[in-house]
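Biologist: Before I take any label in this model on trust, I would like to hear what stands behind it. Could you show me the structure and then take me through the reasoning?

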Amino acid sequence: MNNKLLISCRNLCYSATSAEDISPDTMWDIRKLNLELHSGERIIFYFKTEEQKNVLWRLFEKKLKPKTGSLRISANTHIHTDQGLLDGLDKTSSLQQNLKSKLFEERPWFGGKRKTLDTLMYKLGLTRRIQYFPVNDLSDQNLIRFWALMIAATKTRVFLLDRLLPLLDEISMSFLLEWMESFPGCIIVFGEHTNFLNAIESRQDKQITFSKPLFDLVISFTSFGEAKTLINNQEKFIDNN
């Protein structure tokens, strides 16, 4: 595969049990996760419990370390999360002021070409005076749309998506899916968000632009934390057994 390898997991396991106390009876949150993620790939994880989701999220954020196995993230690759973007907002400043952060591109890659932030804001209905409102004064709808804009504008190779997905309205959902189709980095979706998955299916039914399924990998965790590959559209098969 020619695309840059960004994340590699080899028999990644995590349990709240201390390393010294691990035994055959240990209850694992995450177990036997094997994958390689490259630029341009998308993966979705399904979880049995919220704890599994939180543990894997924190592993990718490097807030936890594997108890066994390995998790490697390539040099100069910083993983961004949708929640992290929201938490990092200066809520007393305007949309325009927040977008001046060095975190954001002035002309993000969107829909196969570079586009100005003004063009993307127009697509989301964030026009005229709204751009100069303090974030605290935004309606819930406009805050969600601005959140989607920040994701599209962020300088990153890897994104973790979860918290935003169940909140998207029709306009922000369409915007995010268009961004996902051409984002050159890696997108990791956490959880089975019904409205989001339905929107993907509907978009695929209406358009011929998808040359392949949106997700290259679909991995589900059992009640015992074991990772099982449900769908693998990567050129190189990763054995999860």
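Modeller: Helices here are DSSP runs of at least four residues and strands are runs of at least two, numbered from the N terminus. On that basis the protein chain has seven helices and 11 strands. Please keep in mind that this is a predicted model.

Biologist: How do you know that the radius of gyration of the protein chain agrees with a compact globule?

Modeller: For 241 residues a compact globule would have a radius of gyration near 18 Å, and the protein chain has 19 Å, which agrees. Along its principal axes the C-alpha trace spans about 60 × 40 × 35 Å. Of the contacts between residues at least 6 apart in sequence, 69% join residues at least 24 apart.

Biologist: What share of the residues of the protein chain counts as buried, and what makes a residue buried?

Modeller: A residue is buried when its relative accessible area is under 20%, and 51% of the 241 residues count as buried. The accessible surface of the chain comes to about 12,500 Å², with 47% of that belonging to carbon and sulfur atoms.

Biologist: Why is Leu37 called buried?

Modeller: Its relative accessible area is 1%, and the label requires a value under 20%, so Leu37 is buried. Leu37 belongs to strand S2, residues 30-38, and its C-alpha atom is separated by 5.8 Å from that of Leu6, which is 31 residues apart from it along the chain.

Biologist: Why is Ser182 called buried, and what does its side chain reach?

Modeller: Ser182 has 18% relative accessibility, and because the cut-off is under 20%, it counts as buried. Ser182 lies in helix H6, residues 170-182, and its side chain reaches the backbone nitrogen of Gly111 at 3.1 Å. Leaving aside neighbours within four places in sequence, Ser182 is in contact with Arg42, Trp109, Phe110, Gly111 and Gly112.

Biologist: What makes the pairing of Glu178 with Lys123 a polar contact?

Modeller: The two side chains come to 3.4 Å, and a polar contact asks for a pair of N or O atoms within 3.5 Å, one able to donate a hydrogen and the other to accept it. Glu178 also lies in helix H6, and its contacts beyond four places in sequence include Phe110, Gly111 and Arg203. Between Glu178 and Gly112, which are 66 residues apart in sequence, the C-alpha to C-alpha distance is 9.3 Å.

Biologist: How do you know whether Gln131 is buried or exposed?

Modeller: Gln131 is at 10% relative accessibility, which is under the 20% limit, and therefore Gln131 counts as buried. Gln131 is placed in the loop between helix H4 (117-123) and helix H5 (140-153). A polar contact of 2.4 Å joins its side chain to that of Gln96, and its contacts beyond four places in sequence also include Ser94, Asp118 and Met121.

Biologist: Arg128 is in the loop between H4 and H5 as well; why is Arg128 called exposed?

Modeller: Exposed means over 50% relative accessible area, and Arg128 is at 73%, so the label follows. The phi of Arg128 is near 55°, a positive value in a residue other than glycine. Most residues other than glycine have a negative phi.

Biologist: Why is Asn11 called partly exposed?

Modeller: Asn11 is at 43% relative accessibility, and because that value falls between 20% and 50%, Asn11 counts as partly exposed. Asn11 is in strand S1, residues 5-14, and has a positive phi of about 45° although it is not a glycine.

Biologist: And what makes Lys228 partly exposed?

Modeller: The reasoning runs along the same path: Lys228 is at 33% relative accessibility, between the 20% and 50% limits, so Lys228 counts as partly exposed. Lys228 is found in strand S11, residues 227-232, and from C-alpha to C-alpha it is 24 Å from Pro166, with their positions 62 residues apart in sequence.

Biologist: Which residues of helix H1 are buried, finally?

Modeller: In H1, residues 50-60, the buried residues are Gln52, Lys53, Val55, Leu56, Trp57, Leu59 and Phe60. After H1 comes Lys62, whose phi is positive, near 65°.

How values were computed
Residues are numbered from 1 along each chain as its sequence is written. This is a predicted model: local features need pLDDT of at least 70, side-chain atom pairs count only at pLDDT 80 or more; totals for chains, interfaces and linings use all residues. Side-chain values use heavy atoms; hydrogens and water are left out. The radius of gyration is taken over C-alpha atoms; the globule rule is 2.2 Å times the number of residues to the power 0.38. Buried means under 20% relative accessible area, exposed over 50%, partly exposed in between (1.4 Å probe, protein chains only). Contact means heavy atoms within 4.5 Å. Accessible areas come from the Shrake-Rupley method with a 1.4 Å probe; for residues, only the protein chains shown count as cover.
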